[in-house]
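Here is a friendly walk through one protein model. Keep the sequence and the 3D view open as you read.

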Amino acid sequence: MENNEREPDKAVPWLEEYSQVASTEWHDSDNVHISHVRNFRYQADSSPVPDWYDFQCKLSDVIATDLIVSYWAGNAIAHVFLSFGFNNGKWLAISIETRRRQNQPWSAFGGFLKNYPLVYVVADERDLIGVRANVRKERVYLYPLNITCQQSQELFRSYLLRIEKVNRHPEWYNTLLNNCTSNIFQHGKSVSSAVKYDWRILLSGYADRYCYKNNLLKNSLPFEELKMRSRLRGSDELTIETTYSQDIRRNR
């Protein structure tokens, strides 16, 4: 594992949601096959029903990117990830997370001590966004990014290549230096000159404000109004429909 001599035990029992890791297989520079796209469903007692599928796509079919900010503790800290939209209406979310073992709690301090391997979770939006809005009752916001189709395609490609790299050379998550927000920043820098260093990168809860300041959000509204309109209203229903991606974007 990079930056450390200890490598995670491959036989360790991972949490169910991390038991499969996404991987890619390129057929040419445009066509890619993604294995183990997560698509969990939830039952009345909130317990997950595991499911994964494979996804075949073209980079040239990516037409949009959305930023998702999910607050689980106060206003300064949030989980931040991206979702990529295709010309057939499909959306695929990619979240950079800690790969935890069964009965291993999350700890921000523990993230400084090389306790958690870094993992890129590729998932259906009804899983990755729905579990936060509907099941965990987090405050979730969805913002379309103000970037071109070509930049979205380059960003998606950057993510897929990073997945391959992390699979080949595992890395440790670091609460400050190698986390969800810092990695998004590095991906963004590779495709847009508008992405520049800012203190808000260190406080993930201000990621949307950072993007707004740098004209990376597709809207001209004042920020507070935009944020209010971008809030996803979670449902008490744990059964999240297959039309979830379309449902959360109605009237936007």
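## The loop before H4

Asn174 sits in the loop between H3 and H4. This is a predicted model, so please read the distances below as computed values. The side chain of Asn174 has a polar atom 2.9 Å from the backbone nitrogen of Leu176. Setting aside neighbours within four places in sequence, Asn174 is in contact with Gly111, Phe112 and Asn179.

Asn179, one of those contacts, also serves as a cap for the N-terminal end of H4. Here a side-chain oxygen of Asn179 lies 3.0 Å from the backbone nitrogen of Thr181.

## Helix H4 and its cover

How many of the 10 residues of H4 are buried? The count is 8, so helix H4, spanning residues 180-189, is mostly covered. The buried residues are Cys180, Thr181, Ser182, Asn183, Ile184, Phe185, His187 and Gly188.

Both strands and helices contribute to the cover over these buried residues. Among them are strands S7 (77-86), S8 (91-98) and S9 (118-124), together with helices H3 (149-168) and H5 (207-213).

## Aromatic pairs

The model holds 11 aromatic pairs. In one of them, Phe84 and Phe156, the ring centres are 5.0 Å apart and the planes meet at 55 degrees, so this pair counts as tilted. Phe84 belongs to strand S7 and Phe156 to helix H3, so the pair ties together parts that are 72 residues apart in sequence. Both Phe84 and Phe156 are buried.

Another pair, Tyr141 with Tyr143, is stacked, with 6.5 Å from centre to centre and 15 degrees between the planes. Tyr141 and Tyr143 are both buried too.

It is also worth looking at how ring pairs join up. Phe84 and Phe156 are part of a cluster linked by ring pairs, along with Phe55, Phe86, Tyr120 and Tyr159.

## A nonpolar patch on the surface

Now turn to the outside of the model. A nonpolar surface patch is formed by Trp72, Ile77, Trp106, Phe109, Phe112, Leu113, Leu176, Leu177, Leu202 and Leu203. Together these residues have about 990 Å² of accessible area.

Two members of the patch, Phe112 and Leu176, have already appeared: Phe112 is in contact with Asn174, and the backbone nitrogen of Leu176 lies 2.9 Å from a polar side-chain atom of Asn174. Another member, Trp72, is found in strand S6, residues 62-73. Is Trp72 buried or partly exposed? With a relative accessible area of 43%, Trp72 is partly exposed, because that value falls between the 20% limit for buried and the 50% limit for exposed.

Technical notes: Residues are numbered from 1 along each chain as its sequence is written. This is a predicted model: local features need pLDDT of at least 70, side-chain atom pairs count only at pLDDT 80 or more; totals for chains, interfaces and linings use all residues. Side-chain values use heavy atoms; hydrogens and water are left out. Buried means under 20% relative accessible area, exposed over 50%, partly exposed in between (1.4 Å probe, protein chains only). Helices (H or I, at least four residues) and strands (E, at least two) are DSSP runs, numbered from the N terminus. Contact means heavy atoms within 4.5 Å. A polar contact is a pair of N or O atoms within 3.5 Å; within protein, one must be able to donate a hydrogen and the other to accept it, and residues adjacent in sequence count only if both atoms are side-chain atoms. Patches are made of residues with over 30% relative accessible area and no salt bridge: like charges are joined within 9 Å, nonpolar side chains (Val, Leu, Ile, Met, Phe, Trp, Tyr) within 5 Å. Accessible areas come from the Shrake-Rupley method with a 1.4 Å probe; for residues, only the protein chains shown count as cover. A salt bridge is a side-chain nitrogen of Lys or Arg within 4 Å of a carboxyl oxygen of Asp or Glu. Rings of Phe, Tyr and Trp (its six-membered ring) pair if their centres lie within 6.5 Å; planes under 30 degrees apart count as stacked, over 60 as edge-to-face and the rest as tilted.
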